[in-house]
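This briefing covers the overall layout of one protein and then two of its residues. The sequence and structure come first.

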Amino acid sequence: MKFNTHVSSSRRKQRKAHFTAPSSIRRKLMTAPLSKELRQKYNVRSMPIRKDDEVQITRGQYKSQQVAKVISVYRKRWVIYVERVQREKANGTTVPVGISASKVKKKRSPS
């Protein structure tokens, strides 16, 4: 049953709204779950990811127990760049690897 008549329940429209969302809305969509300490402090499960946050990668090839700092948040590509997470190209240069914000756990905030 639909509760809000102003919001579509169509999958097609939901996907269009998601992938054409402006940067201000992408900020809210690019959230990361919090560590147990931060969860106690803020009383929420997840928060938007920001530059200089300290995160732990929890899924994928670059998963590790180490805490690393977020270098940049690239909202247009839906990824974050984390320090020390890079790969080597065929010509020998290293490039940062984009990681989804939901695949990291926020350990510490700069503020």
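In what order do the elements of the protein run from the N terminus on? The order is α-α-β-α-β-β-β-β-β-β, which comes to three helices and seven strands. The model is a predicted one. The points below treat the whole chain, then D53, then P33.

**Overall layout**
- The C-alpha trace spans about 50 × 40 × 25 Å along its principal axes.
- The protein has 111 residues, of which 24% count as buried.
- Taking contacts between residues at least 6 apart in sequence, 43% join residues at least 24 apart.

**Surface and charge**
- About 8500 Å² of the protein is exposed, and carbon and sulfur atoms supply 49% of that area.
- The protein carries 29 positive and 6 negative charges.
- The mean position of the positive charges and that of the negative charges lie 14 Å apart.

**D53: a buried loop residue**
- D53 sits in the loop that runs between strand 2 (46-48) and strand 3 (54-57).
- D53 counts as buried because its relative accessible area is 0%, and the cut-off for buried is under 20%.
- Within the chain, the D53 side chain reaches the backbone nitrogen of R50 at 2.9 Å.
- The D53 side chain also makes a polar contact with the side chain of K106, at 3.2 Å.
- Leaving aside residues up to four places away in sequence, D53 touches P48, A68, K69, V70, K106, R108, S109 and P110.
- K106 thus appears both as a polar partner of the D53 side chain and in the list of residues that D53 touches.

**P33: a partly exposed strand residue**
- P33 is placed in strand 1, which covers residues 31-33.
- P33 counts as partly exposed because its relative accessibility is 28%, and this class lies between the 20% and 50% cut-offs.
- With residues up to four places away in sequence left out, P33 touches R45, S46, S102, V104, K105 and K106.
- P33 and R50 are 17 residues apart in sequence, and their C-alpha atoms are 13 Å apart in space.

**Residues linked to both sites**
- K106 is touched by P33 and is also touched by D53.
- R50 offers its backbone nitrogen to the reach of the D53 side chain, while the C-alpha of R50 is 13 Å from that of P33.

Key:
Residues numbered from 1 in each chain as written. Predicted model: local features only at pLDDT ≥ 70, side-chain atom pairs only at ≥ 80, totals over all residues. Heavy atoms only, no water. Helix = DSSP H or I, 4+ residues; strand = E, 2+ residues; numbered from the N terminus. Buried < 20%, exposed > 50% of the residue type's maximum accessible area, 1.4 Å probe, protein only. Polar contact = N/O pair within 3.5 Å; in protein donor to acceptor, adjacent residues only side chain to side chain. Contact = heavy atoms within 4.5 Å. Areas by Shrake-Rupley, 256 points an atom, 1.4 Å probe, with all protein chains shown as cover. Lys, Arg positive; Asp, Glu negative; His and termini not counted. Charge placed at Lys NZ, Arg CZ, Asp CG, Glu CD.
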